[in-house]
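User: Hi, I have just been handed this structure and have never looked at it before. Could you walk me through it?

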Protein chains: 2
Amino acid sequence: MTTCKADTALEILIGKWKHKILFQLMTHEVLRFNELKRAIPGITQKMLTSQLRELEQNDIIERNVYPQIPPKVEYSMTEYGQSLRPILEAMHEWGQNHIKHLEQAYSKAQE
Amino acid sequence: MTTCKADTALEILIGKWKHKILFQLMTHEVLRFNELKRAIPGITQKMLTSQLRELEQNDIIERNVYPQIPPKVEYSMTEYGQSLRPILEAMHEWGQNHIKHLEQAYSKAQE
DNA sequence: CGGCATCCATGACGATACTG
DNA sequence: CAGTATCGTCATGGATGCCG
């Protein structure tokens, strides 16, 4: 416990977009490339592609290519990827609470 | 739940060092500047200082200055900061498991 | 549709030196 | 002891254009 292995988890979640991608895939089961792109405002194709590749390499998500024209590629979480769910949800919850916390701190500063 | 507030939590944890600092403070209650520096190999003074400042601004840690020569500054987690503990621990645990997962994937690749 | 290749800006991070 | 201050770097992320 003296050494910190949270690095490993953070390495996978870090990046401006990865957790957002995972959130979409946690709530949608299966999504196509452009569905993800639409669901995540501001992300560029390049970023979406690279982040998906990294998540795929880490066995967090699965990439399914349908060899047809026009191409169709579906992304979904792997069973292993599901193990991240509690962490993501905990962070999500904590984040929401933190916003309240900030508001409280702000109103106290106004007194 | 459609929007992802995990951002907020990640913003606080992101950075190469913040989670390591928090881990030390989670396991040690109170630490002085140089104690932290020694406990986290590779970190520079500049990084330690800046990361501590950011955590302090987010009300995660507390900074206690003893006005004396030589100076003495102690850092500890705030009560609010303790709310991050479950997340850090979950990530730590997940990280350890992930290492095993990688080893399994590797040995399978060898078959 | 779902990419990849290229170029470019920014800022996170680091090395080093100095200070009350 | 616990910091600033300054400067340099390199990776991350972003904009754009082309392709099967």
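Analyst: What follows goes through the sheet, the core, a helix, a few residues and the DNA strands in turn. This is a predicted model, in which local features need pLDDT of at least 70 and side-chain atom pairs count only at pLDDT 80 or more, while totals for chains, interfaces and linings use all residues. Residues are numbered from 1 along each chain as its sequence is written, chains are lettered from A and ligands numbered from 1 in the order in which they are written, and side-chain values use heavy atoms, with hydrogens and water left out.

User: Okay, what is the strand order in the open sheet of chain A?

Analyst: The 3 strands of that sheet come in the order β1-β3-β2, with antiparallel pairing. Strands here are DSSP runs of E with at least two residues, helices are runs of H or I with at least four, both numbered from the N terminus, and two strands pair if DSSP finds at least two bridges between them. The edges are taken by β1 (30–32) and β2 (61–66) of chain A, each with a single partner strand, so one side of each has no neighbour in the sheet. Neighbouring strands are turned by 25° against each other on average, direction ignored; axes are lines fitted to C-alpha atoms, for helices over the stretch in contact, and angles run from 0 to 180 degrees between N-to-C directions.

User: And how many bridges join β2(A) to β3(A)?

Analyst: There are 6 bridges between these antiparallel strands, and a hairpin of 5 residues connects β2(A) to β3(A). On the other side, β1(A) pairs with β3 (residues 72–77) of chain A over 3 bridges, also in the antiparallel sense, and there A:Val30 stands opposite A:Ser76. Helix α2 (residues 18–28) of chain A packs on the sheet and touches β1, β2 and β3 of chain A, with its direction at about 90° to that of β3(A). Helix α4 (residues 45–57) of chain A packs on the sheet too, touching β2 and β3 of chain A, and its direction makes about 115° with that of β2(A).

User: My eye fell on A:Val65. Is that residue buried or exposed?

Analyst: A:Val65 is partly exposed, because its relative accessible area is 45%, where buried means under 20%, exposed over 50% and partly exposed in between (1.4 Å probe, protein chains only). A:Val65 lies in β2 of chain A, and its bridge partner in β3(A) is A:Val73. Leaving aside neighbours within four places in sequence, A:Val65 is in contact with A:Lys72 and A:Val73, contact meaning heavy atoms within 4.5 Å.

User: Switching topic, which residues have the most contacts inside the largest nonpolar core?

Analyst: Those are A:Ile60 and B:Ile60, in a core of 61 residues. A nonpolar core is a set of buried Ala, Val, Leu, Ile, Met, Phe, Trp, Tyr and Cys residues joined through side-chain atoms within 4.5 Å. Beyond its neighbours within four places in sequence, A:Ile60 touches residues including A:Leu22, A:Met77, A:Thr78 and B:Trp94.

User: Where is A:Thr78, then?

Analyst: A:Thr78 sits in the loop between β3 and α5 of chain A, and counts as buried because its relative accessibility is 9%.

User: Why is α1 of chain A largely enclosed?

Analyst: In α1 (residues 6–13) of chain A, 7 of the 8 residues are buried, so the rest of the structure largely encloses this helix. Its buried residues pack against α2, α4 and α5 (85–110) of chain A together with α1 (6–13), α2 (18–28) and α5 (85–110) of chain B. Just after α1(A), A:Gly15 takes a positive phi of about 120°.

User: Now the DNA. Which residues are closest to strand C?

Analyst: Among the 21 residues around DNA strand C, the closest are A:Thr49, A:Arg63, A:Tyr75, B:Lys16 and B:Lys46, a residue being near a strand if one of its heavy atoms lies within 4 Å of it. The largest share of that surface, 4 residues, comes from α4(A). A phosphate oxygen of strand C is 2.6 Å from an N or O atom in the side chain of A:Tyr75, and a polar contact is a pair of N or O atoms within 3.5 Å; within protein, one must be able to donate a hydrogen and the other to accept it, and residues adjacent in sequence count only if both atoms are side-chain atoms.

User: And which residues come nearest to strand D?

Analyst: For DNA strand D they are A:Lys16, A:Lys46, B:Arg32, B:Arg63 and B:Tyr75, out of 21 residues around it. Sugar and phosphate make up 65% of the atoms of strand D that come within 4 Å of the protein. A polar side-chain atom of B:Tyr75 lies 2.6 Å from a phosphate oxygen of strand D, and α4(B) gives the most to the surface near that strand, with 4 residues.
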